[in-house]
Amino acid sequence: MASKKDSINPSHYKSHPSGVECIDITQHMSFTLGNAIKYIWRADLKHQDNGIEDLAKARWYLECEIKRRSKDYRKK
């Protein structure tokens with residue numbers, strides 16, 4: 001039986017040169033900060049665009065995190 005491509009845990013999730021999976025780090029963060037790290041972590045592993053698409057996604061999540069933290073800070 002031929003093995004199927006793993007669509008839940010694809011190879012780019014497990015191919016960082018460090019050998020560490022991103023989720024091992026990001027599960028301890030907020031959703032937005034974890035997603036920013038995830039896209040930075042995988043920027044050079046998934047697309048053939050020099051990481052631009054994933055870095056742009058990371059920037060979007062960082063901007064969301066900054067806005068959230070700014071609102072929380074102003075409430076103090």
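The following questions and answers walk through a predicted model of a single chain.

Student: Which pattern of helices and strands does the chain follow along its sequence?
Tutor: In this predicted model, the chain contains 3 helices and 0 strands. Helix α1 covers residues 22-26, helix α2 covers residues 31-41, and helix α3 covers residues 52-75. Read along the sequence, the pattern is therefore α-α-α.

Student: What percentage of the residues of the chain count as buried?
Tutor: The accessible surface of the chain comes to about 6,100 Å², and carbon and sulfur atoms hold 56% of that surface. A residue counts as buried when its relative accessible area is under 20%. Of the 76 residues of the chain, the share that counts as buried is 21%.

Student: Which elements are included in what covers the buried residues of α2?
Tutor: Within helix α2, the buried residues are Thr-32, Gly-34, Asn-35, Ala-36 and Tyr-39. One of these, Tyr-39, is touched by Asp-54, and Asp-54 is found in helix α3. What covers the buried residues of α2 includes α1 and α3.

Student: Which residues does Ile-25 contact, leaving aside its neighbours within four places in sequence?
Tutor: Ile-25 is found in helix α1, and its relative accessible area of 37% makes it partly exposed. Its C-alpha is 8.8 Å from that of Ile-37, a residue 12 positions away in sequence. With neighbours within four places set aside, the contacts of Ile-25 are Val-20 and Trp-41.

Student: How far away is the nearest side chain of opposite charge to Asp-54?
Tutor: Asp-54 is a buried residue that has no salt bridge, although it touches Tyr-39, Arg-42, Ala-43, Lys-46 and His-47 when residues up to four places away in sequence are not counted. A salt bridge requires a side-chain nitrogen of Lys or Arg within 4 Å of a carboxyl oxygen of Asp or Glu. For Asp-54, the nearest side chain of opposite charge is Lys-57, at a distance of 4.3 Å.

Student: Which residue meets Lys-57 in a salt bridge?
Tutor: Lys-57 is partly exposed, with a relative accessible area of 27%, and its salt-bridge partner is likewise partly exposed, at 34%. Both residues lie in helix α3, 4 residues apart, which is about one turn of the helix. Their side chains meet with an N to O distance of 3.2 Å, and the partner of Lys-57 is Glu-53.

Student: Which residues are linked in a network of salt bridges?
Tutor: A search of the whole structure finds 3 salt bridges. Arg-68 pairs with Glu-65, their closest N and O atoms being 2.7 Å apart, while the side chains of Glu-65 and Arg-69 meet at 2.6 Å. The network is therefore made of Glu-65, Arg-68 and Arg-69.

Student: Why can residues three or four places apart in a helix point the same way?
Tutor: Arg-68 and Glu-65 are 3 residues apart in helix α3, and Glu-65 and Arg-69 are 4 residues apart in that helix; each pair is separated by about one helical turn. Residues at such spacings point the same way because an α-helix has, for each turn, a residue count of 3.6.

Student: Is Glu-65 buried or exposed?
Tutor: Its two salt-bridge partners are partly exposed, Arg-68 with a relative accessible area of 37% and Arg-69 with 47%. Glu-65 itself has a relative accessibility of 2%. Since the cut-off for this class is under 20%, Glu-65 counts as buried.

Student: From which helix does the largest share of the nonpolar patch come?
Tutor: The patch has an area of about 340 Å² and is made by Ile-40, Leu-55, Leu-62 and Ile-66. Ile-40 lies in helix α2 and, at 43% relative accessibility, counts as partly exposed. The largest share of the patch, 3 residues, comes from α3.

Student: Which residues form the positive surface patch?
Tutor: One of its members, Lys-71, is found in helix α3, and its relative accessible area of 52% makes it exposed. The full membership of the patch is Lys-67, Lys-71, Arg-74 and Lys-75.

Student: What is the phi value of Asn-50?
Tutor: Asn-50 has its place in the loop between α2 and α3, where it is exposed, with a relative accessible area of 65%. Asp-44 lies in that loop as well, and it touches Asn-50 and Gly-51 when residues up to four places away in sequence are not counted. Phi of Asn-50 is positive in a residue other than glycine, with a value near 65°.

Key
Residues are numbered from 1 along each chain as its sequence is written. This is a predicted model: local features need pLDDT of at least 70, side-chain atom pairs count only at pLDDT 80 or more; totals for chains, interfaces and linings use all residues. Side-chain values use heavy atoms; hydrogens and water are left out. Patches are made of residues with over 30% relative accessible area and no salt bridge: like charges are joined within 9 Å, nonpolar side chains (Val, Leu, Ile, Met, Phe, Trp, Tyr) within 5 Å. Accessible areas come from the Shrake-Rupley method with a 1.4 Å probe; for residues, only the protein chains shown count as cover. Lys and Arg count as positive and Asp and Glu as negative; His and the chain ends are not counted. The place of a charge is taken as NZ of Lys, CZ of Arg, CG of Asp or CD of Glu. Helices (H or I, at least four residues) and strands (E, at least two) are DSSP runs, numbered from the N terminus. Buried means under 20% relative accessible area, exposed over 50%, partly exposed in between (1.4 Å probe, protein chains only). Contact means heavy atoms within 4.5 Å.
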